[in-house]
Amino acid sequence: VGSIGRAPARGMTAGGPMLPTAPLGISFGGGDASTPKIEVFLDFACPFSGRLFRTIWLESRPGRPLHGRAQFTVELVVQPWHPQSEVLHESVLAVRALAGFDPALSFAHALWLAHTDFIDAAVVGETRMQTAGRLAALAESVTGILAFKLLPLLTHGDPSNGPMMQLLKWQVRQHRTRGVHVTPTCFIHGIEATQISSSWNVEQWAAMLDELAAAN
């Protein structure tokens, strides 16, 4: 962990609180230094987050209309009114730690496709570890990471879980510092873009990127 595309699970202190050694977010979309930078703050328990993610991720793949037109970075927002939100986020971080950005994004997409399997009503009768076990099985089916290798990263008290918890604490600290409360929330070059909606289709995203390009 800590290499390009992997989670910055080890921190440095510089004489103060522990700090991440690499960006926290999961980026995709391509582009260059002049490409618009768009941060999307999402909760894996939020269906509106899923709708937005599916649009921008699928349409940013090679050959699709948004490819190379923006660099999107997914930032995580755990929402405590969904008790399972924390372990959902940990599962994506664990896939990233073991396999990098692309498998984590593929798993995130699959997780939202299976959203009804992890809504509040679907997990209310489960222990946390039962939910984690189902997440590990889903991750294995999508990424090939064996569930028994992923599950320790989701098990509180296991040494492998420590780095995941630290990543989650940094993510929570970040979205609180930025004032993010609801999901999805998007920032363009650090400024909240309140006009962006989870209901936007690819044509609306493309139109906004056209406007940004014309203004430069």
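Start by selecting Arg61 and Trp57: the charged end of Arg61 sits over the ring of Trp57, 4.5 Å from its centre. As you click along, keep in mind that this is a predicted model.

**The aromatic cluster**

Keep Trp57 selected and add Phe28, Phe44, Phe53, Phe72, Trp112, Trp200 and Trp205; with Trp57, these residues form one aromatic cluster. Across the whole structure, a search finds 8 aromatic pairs. Zoom in on Phe53 and Trp112, whose ring centres are 5.1 Å apart with the planes at 40°, so this pair is tilted. Colour by helix and you will see that the pair links distant parts of the chain: Phe53 belongs to helix H1 (residues 47-58) and Trp112 to helix H3, 59 residues apart. Switch on a surface next. Phe53 is buried, with a relative accessible area of 1%, and Trp112 counts as buried at 3% relative accessibility.

Now move to Trp200 and Trp205. Their pair is edge-to-face, with 5.4 Å centre to centre and 80° between the planes. Both Trp200 and Trp205 are buried.

**His109 in helix H3**

Go back to helix H3 (residues 101-113) and pick His109, which lies in it. Is His109 buried or exposed? With a cut-off of 20%, His109 counts as buried, because its relative accessibility is 15%. Show its surroundings: apart from neighbours within four places in sequence, His109 is in contact with Phe53, Arg54, Trp57 and Leu58.

**Helix H5**

Next, select residues 128-143, helix H5. At 1.5 Å a residue its 16 residues should span 22 Å, and the end C-alpha atoms are indeed 22 Å apart. Show Thr131, Ala132, Leu135, Ala136, Leu138 and Ala139 as sticks; these residues of H5 are buried. They cover an arc of only 165° around the axis, which puts them on the same side of H5. The general reason is that an α-helix has 3.6 residues a turn, so residues three or four places apart point the same way. What do the buried residues of H5 pack against? Display helix H2 (85-99), H3, helix H4 (120-123) and helix H6 (147-150) to see their partners. Just after H5 comes Gly144, with a positive phi near 85°.

**The sheet**

Finish with the strands. Five of them form an open, mixed sheet in the order S3-S5-S4-S6-S7. At the edges are strand S3 (26-28) and strand S7 (191-192), each pairing on one side only. Look between strand S4 (residues 37-42) and strand S6 (residues 185-188): they run antiparallel and are joined by 4 bridges. Here Ile38 stands opposite Ile188 in S6. For a last stop, select Arg178, whose charged end sits over the ring of Phe187, 4.4 Å from its centre.

Key. Residues numbered from 1 in each chain as written. Predicted model: local features only at pLDDT ≥ 70, side-chain atom pairs only at ≥ 80, totals over all residues. Heavy atoms only, no water. Pairing = 2+ DSSP bridges. Helix = DSSP H or I, 4+ residues; strand = E, 2+ residues; numbered from the N terminus. Buried < 20%, exposed > 50% of the residue type's maximum accessible area, 1.4 Å probe, protein only. Contact = heavy atoms within 4.5 Å. Expected span 1.5 Å × (residues − 1). Arc of directions from axis to C-beta. Phe/Tyr/Trp six-rings, centres within 6.5 Å; stacked < 30°, edge-to-face > 60°. Lys NZ or Arg CZ within 6 Å of the ring centre and 35° of its normal.
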